Each structure stands twice: as structure tokens, then as C-alpha cells.
Amino acid sequence: MPQYARDFITQVVMRADFVTGTAPIAGQVPEGVLSVLDDYPERTSLNRSRTEVHVQKAPQGPVRDTRTINFQEHNFWTAGRTVHAAVCSEYAFVAQRQYDGYAPLRTDFLGIVEALGTQFPGLRIKRLGMRYVNEIKLPEADAGPGLGADFWEHYVNPLLLGGLRFAANDGALARHICTTELNYGTDRATIRYGIFNGEYPRPNRKREFILDVDAYCQELMAPDAVPARLDDYHAAACQVFEAAVTDGLRARMNIG
């Protein structure tokens with residue numbers, strides 16, 4: 001994959017959701033897991049809950065069984081809070097806003113998952129995902145004028161701009177976000193793209209285009225299956241980005 005001197009990534013998340021009961025963390029995080037989080041000195045814990053709904057068939061018709069699951073989420077941050085990790089009985093994730101490459105974040109995430117797998121041999125993952133949020137911001141004067149498709153076609157694949165053309169370019173557009181979902185069997189991808197506009201419902205006045213790629217699977221897996229799948233999702237996210245942008249944006253990102 002190309003290496004860029006500049007990117008537009010504002011958030012990266014790697015997350016594993018566990019089969020309920022297979023990571024029975026009660027109270028404090030096990031020492032074996034804490035040892036892989038030495039570089040995350042800021043720590044706090046929060047009480048969380050989630051609602052689980054099961055629908056069962058019965059002679060009188062469908063019966064809904066609803067229960068609330070309470071758990072404690074343990075949060076960790078690196079110095080300066082540039083990377084956030086969370087561990088609990090329901091999931092584990094690492095999230096970074098000032099992205100400095102795939103390898104270090106991968107190392108931290110896999111360290112957590114592997115440590116949990118060692119502590120709890122029965123650990124099983126029911127959803128694994130990796131998400132990249134790109135906010136393509138081009139406020140520079142030399143990027144050219146405009147806010148609509150005529151501007152963005154220089155930087156974003158024109159196939160993604162049909163809705164912007166439909167909305168015309170009369171300054172009234174307030175928001176335009178599209179979602180495309182891809183199904184490759186066990187592997188899935190959700191791609192959201194368009195103009196989000198942080199000042200919605202006011203008309204958009206900024207040259208900012210969102211490209212949000214979430215690659216994931218909802219398949220039962222053991223911790224040792226995570227590294228290869230994570231690499232696949234990283235490669236898929238990179239391919240989506242490269243297909244979604246033009247050489248005009250690559251020139252601005254300065255291929256190294």
C-alpha cells in the first residue's frame with residue numbers, strides 16, 4: 001500500500017465483542033492483562049449495562065425475554081490520551097485519533113486479546129471489526145473553489161458523488177451521507193461517505209468529505225484467529241480508500 005506524508009484519518013478502532021460468559025472479568029482486570037497495558041498509565045472504571053432481547057416461539061405466539069446485563073468497563077489511556085483501550089467481560093477495543101500507523105495499534109490490540117485468551121482459555125469472539133474514519137478536509141485556498149460535486153470530483157471518485165450532483169450546488173445542501181454494505185459471507189463491510197456537516201441543519205459551508213470504512217465479521221472465533229482476520233480487514237480498508245479517492249487527493253497526501 002502507498003505510504004503518505006499526510007493522511008485524513010481521524011479515528012481508528014479495533015474491537016472484539018465476546019460471547020457472554022467466556023471472559024468472566026469480575027472486579028479488577030487480571031494482572032496478566034494489565035501487564036500488556038503498561039504504556040497506558042491513565043486508568044478509570046465505569047459501570048455499564050446492556051439489554052439483551054430473545055424472542056422464543058410459544059403456543060400463544062412469540063414471547064420476548066428481556067434481561068439487563070451489568071458489567072464494569074475498565075478504561076486505559078496513553079500519556080496525552082492519544083490512544084484509548086477498554087477491557088471488560090463483554091468486549092475489548094483500542095481506539096486512536098492521532099493515527100501513527102497500523103503496526104503499533106495492532107500490537108497493542110492483539111496483546112490485549114492474547115492476554116485475555118491466556119487468562120480465560122474458553123474465550124470466544126462473536127464479532128471482530130476494524131474501522132477507519134477519514135475526514136477529508138480541504139480548506140486550503142489552492143484546492144480551488146466550490147462545495148459541491150464539481151469541487152469534489154477532483155479528489156473523490158465521481159461514482160460516489162451522484163447524490164451531490166442531484167442536490168445541485170445552490171448552497172442549500174445541509175447533509176448528504178450514503179451507506180453501502182458489502183456481504184462476502186462471513187466477512188462484511190459498511191462504508192459511509194458524503195457530507196456530514198457539523199453545523200447541521202444549517203447549510204454546509206465547509207469542504208469536508210467523510211469516508212468511514214468498517215470491516216468486520218460476526219462469526220464465532222478463538223483468539224488465535226484474530227491476527228490474520230485483522231490483517232485482512234486492514235487491507236480491505238486500504239483498498240476501499242484507494243478506490244474512493246483520485247490522484248488529485250494522492251498528490252495532496254504526498255506519496256512517499
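**Figure 1. Arg 188 in strand β8 of the predicted model.** In this predicted model, Arg 188 belongs to strand β8, which runs over residues 187-195. Its relative accessibility comes to 29%, and Arg 188 therefore counts as partly exposed, since that class lies between the 20% limit for buried residues and the 50% limit for exposed ones. Leaving aside residues up to four places away in sequence, Arg 188 is in contact with Leu 182 and Asn 183, and also with Asp 214, Ala 215 and Tyr 216. The C-alpha atom of Arg 188 is separated by 5.8 Å from that of Cys 217, although the two residues are 29 residues apart along the chain.

**Figure 2. Asn 134 in strand β6 and the residues that it touches.** Strand β6 covers residues 125-137 and includes Asn 134. With a relative accessible area of 5%, Asn 134 is buried, because the limit for that class is under 20%. When residues up to four places away in sequence are not counted, Asn 134 touches Phe 8 and Ile 9, the consecutive residues Phe 209, Ile 210 and Leu 211, and in addition Phe 241.

**Figure 3. The largest cavity and its lining.** One cavity of 30 Å³ or more is counted in the model, and the space in the largest cavity amounts to about 90 Å³. Its lining includes Leu 147 and Gly 148, together with Leu 164. The run from Ala 167 through Ala 168, Asn 169, Asp 170, Gly 171 and Ala 172 to Leu 173 also lines this cavity, as does Asn 204.

**Figure 4. The chain that surrounds the close-up views.** The chain has 256 residues, of which 45% are buried, and its secondary structure consists of six helices and nine strands. Measured out along the principal axes, the C-alpha trace spans about 55 × 55 × 35 Å. Among the contacts with a separation of 6 or more, 67% are between residues 24 or more positions apart. The accessible surface of the chain is about 13600 Å², and carbon and sulfur atoms contribute 51% of that surface. The chain carries 27 positive and 31 negative charges, and the mean positions of these two sets are 6 Å apart.

Note on methods: Residues are numbered from 1 along each chain as its sequence is written. This is a predicted model: local features need pLDDT of at least 70, side-chain atom pairs count only at pLDDT 80 or more; totals for chains, interfaces and linings use all residues. Side-chain values use heavy atoms; hydrogens and water are left out. Helices (H or I, at least four residues) and strands (E, at least two) are DSSP runs, numbered from the N terminus. Buried means under 20% relative accessible area, exposed over 50%, partly exposed in between (1.4 Å probe, protein chains only). Contact means heavy atoms within 4.5 Å. Accessible areas come from the Shrake-Rupley method with a 1.4 Å probe; for residues, only the protein chains shown count as cover. Lys and Arg count as positive and Asp and Glu as negative; His and the chain ends are not counted. The place of a charge is taken as NZ of Lys, CZ of Arg, CG of Asp or CD of Glu. On a 1 Å grid over the protein atoms alone, a cavity is a set of points where a 1.4 Å probe fits but cannot get out, and a pocket is an open set with protein on both sides within 12 Å along at least five of seven lines; lining residues have an atom within 4 Å of a point. Grid points are joined across faces, edges and corners, and a volume is the space filled by probe spheres set on the points.
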